[in-house]
Every structure is written in C-alpha cells, then in structure tokens.
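User: I'd like to learn how to read a structure like this one. Can you walk me through it?

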Amino acid sequence: MKTVYMDNNATTPIDPRVKEAVLPFLGELYGNPSSLHAVAKPVKQAMIEARQHVADLIGAEKHEIFFTASGTEADNWAIKGIVAASRNEKKHVITSSVEHEAVRNTCKYLTHLGIDVTFLPVDQYGMVDPDDVRRAIRPETVLITIMHSNNEVGTIQPIDEIVSIAKEAGVAMHTDAVQSAGKMPLDVGQLPVDTMALSGHKLYALKGCGALYIRSGLLVRRLIHGGHQERGRRAGTENVVGIVALGAACKLAAEEIGTEPQHIFDLRNRLEAGILERISHTTLNGHPKMRLCSTTNIRFEYLEGESILLRLSANGICVSTGSACSSASLEASPVLIAMGIPPQHAHGAIRFSLGRMNTEEDVDYVLEVLPPIIEELRKMSPLFPG
Ligand SMILES: *Cc1c(COP(=O)(O)O)cnc(C)c1O
C-alpha cells in the first residue's frame, strides 16, 4: 500500500543527502573530536563546518551555536540557564499558553521552585497579543519565552514585536523556533532574541540532536556539567553523527528556503481547500494567514480525531491529532483549549503537516480517501444530526 506521510511536524524523514553526509561518520571517521591526534582531526573539522551551517541558517556567528541532545534540551537549557543566571531575588517568567511541552513543562517546573510564571492567553487563532506581554512585565521579570511558531496549529507569533518589548524592558528573550527553521527565513540579526532552540529531526536530520543559539555575551548557566565540550558550556562527548546531520540539513534548508516553503504552502493550501470544500462541518484551527506553510489543523465536528486517524492510517495516510504526545493520552489538546475551542470540538481535530517529500499525488490521494471515511464515521456517530 502507498504511504502518504503528512506528520512532518512530529518528525521529518531523513533527507537522502543528509544520510549520505553522515555515512563516513558511521565508519572510518569515528574519532573523538576532543582528542589531539590524526583520527580526531577530520571529525573536529566536520563539527566546525556543521556549526557554521547552523549559524548561517539563522544569521548567527559560529561561536553562538551550541549542540544539544534535542530541541527539548535546548529549551530546558535556555529557560533554566537564564533564570539561574539572573541575580534577582524574586524572579518572574512570561510564557504563552500554547507552548510545546518542552517549554510548558519546564515553566511549570519553575513554579515548583517558587518562581512566578505568567502563562499568557492567546486569541482564537492561537496568537499572543504583544500588549499582553508588555502588561505582564514586572520589575522582577527575568525571561520571556514565546515560541516562534506553533507545532499543532502552525500559528506564527508576532515575535518581532515581542522581542522589541523585551529589549525595551531589558528582559532576556528565548524563542522555540524548532518548527520555523527551514520553513521561513530566520535571522537573529533582524530578530534579536537572546536564545533560540532548533531540532534536527524536524529539519530532515536525525532524532536526538538539537542546537541552542546563545547571543554572544549572554550569561546562561550550564544545564549539563562535566567535560569541556562546547567551549565548556555543555558537557558530554558530542553526538558527531547527529551534529553532522544537523549541519547538512541546515545547509540544505538555507539553499531551499527561497523555493521550498512556497511549494509546500501550495500543496497545503490545495489540501486544506479541498477538505473544507468537500466535507461539511469542518473548521480550520489556527491563524488563516500567519501560519506555517506545512500545517493545516482541521476539526471534524461530531467525530473523534483518533477514529479518523486510525481509518486514515489503515489507508496508508499518516497524520496526527494535535501533538504526538496527546495522541497517546486522550486529553483534549491544551493548545486548542487555550484557543477557546470547546473540548468536544477539540477532540475532532486532525493535523496534516506536509514536508519536502510530499507531492500533488499525495494531496489527491488524501482528498480521495478522506471524504468517504468521514461520511462513514458520521453515519455511525450518535452525535451527528444529519
Ligand atoms: C519537536 C518540538 C520540540 C522538541 O524537540 P525534540 O528534538 O523532539 O526534543 C520543541 N518545540 C517544538 C515546537 C517542537 O515541535
């Protein structure tokens, strides 16, 4: 059976060119980059190049990029590290109510340490109001952490305005740009955040490797103590394979940024319009315009997202019901709830997230398979009035 993978916000396939780039590091290039001998040398060199590619994708300097074991670690490090570095006696952090768990649960943890956290509300499209950020700032605010774009509904936050507010107030600003990298241009020169999190496996590289951008001169406490890797700021022998992959993926993303997002956007729009036209009682979740090219999150009223997902999966179509984690439990997505969507409607949400590998045929196939699935499920639904 044909597989149509439309769950690219959960993880992307590994680009064959990325795979090609890492193969030598699964073979003859096994040295420890901290060693001083000949076996280590090409490995050390490959890490330098990878760091440069990551820096280039976001307009940073090489020495501002630190490799981590995941996007989650990058978020943890930025948030805990900035808060710990602050000398304030009382500390306050501002975040949003639609963050990925990597940020949401890290901020929740801070509250257990006695740190005040404001979880800002969002509008019906999942967007934070910059004026709410301004109003939330207190003398003891040490960090604002708001995601660049949302993984579940794709809404892009007005980060440039929020950064200006943070700068004006002299408060450090972190952004989780895991979903934005490669899908839209990022430039820490024009968008002067203090830290930014990236992840390899959302960018056609490998799972288990991410990166944190730390603006030159910013004080961020260590999260991982040990050896002197990453210029003494993040210990542990480097995941060379993951790092080389991330570098190769960032280089490809930079090369494709002029054309690829538009291509994915066109496919996404055709899928979205086709679903909303062909199937009644469907509504888009997320911002109509300020939204990632990859993402369309649609709610199918009177149905459970899980039953739609399973039927699609039986036909080779892979999607998600919100975040990958909420697929395991049966709680309504906190992101959709924060957007004011009633739980019974939130339960009927399906996220289609497209990527580099998707084709027009994929979209046609979904538009052919999905309508009869919905019709059949609604016939069995006691809730459906028709
Ligand atoms: C996937 C994701 C993360 C976590 O990255 P991992 O590398 O999987 O730990 C963080 N934030 C967002 C928005 C994500 O989509």
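User: Which helix gives the largest share of the shell around the ligand?

Analyst: Keep in mind that this is a predicted model. For a shell, you look for residues with a heavy atom within 4 Å of the ligand. Here helix α3 (residues 71-85) supplies the largest share, three residues. In total, 13 residues surround the ligand, and the closest are T72, D176, S199, H201 and K202.

User: What distances do the side chains of D176, H201 and K202 keep from the ligand?

Analyst: For polar contacts, you check pairs of N or O atoms within 3.5 Å. An N or O atom in the D176 side chain sits 2.6 Å from a ligand nitrogen. For H201, the partner is a ligand oxygen at 2.7 Å, and the K202 side chain also has an N or O atom 2.7 Å from a ligand oxygen. As for cover, the ligand has 380 Å² of accessible area on its own, and the protein covers 90% of that.

User: How many salt bridges are there?

Analyst: The test is a Lys or Arg side-chain nitrogen within 4 Å of an Asp or Glu carboxyl oxygen. By that rule, you get 21 salt bridges. One of them joins the side chains of K2 and D362, at 3.6 Å from N to O. K2 is in the segment before β1 (4-5) and D362 is in helix α14 (residues 360-380), so this pair ties together parts 360 residues apart in sequence.

User: Which residues gather in a patch of negative charge on the surface?

Analyst: That would be D123, D129, D160 and E161. D160 belongs to helix α6 (residues 159-169).

Key:
Residues are numbered from 1 along each chain as its sequence is written. This is a predicted model: local features need pLDDT of at least 70, side-chain atom pairs count only at pLDDT 80 or more; totals for chains, interfaces and linings use all residues. Side-chain values use heavy atoms; hydrogens and water are left out. Patches are made of residues with over 30% relative accessible area and no salt bridge: like charges are joined within 9 Å, nonpolar side chains (Val, Leu, Ile, Met, Phe, Trp, Tyr) within 5 Å. Accessible areas come from the Shrake-Rupley method with a 1.4 Å probe; for residues, only the protein chains shown count as cover. Lys and Arg count as positive and Asp and Glu as negative; His and the chain ends are not counted. The place of a charge is taken as NZ of Lys, CZ of Arg, CG of Asp or CD of Glu. Helices (H or I, at least four residues) and strands (E, at least two) are DSSP runs, numbered from the N terminus. A polar contact is a pair of N or O atoms within 3.5 Å; within protein, one must be able to donate a hydrogen and the other to accept it, and residues adjacent in sequence count only if both atoms are side-chain atoms.
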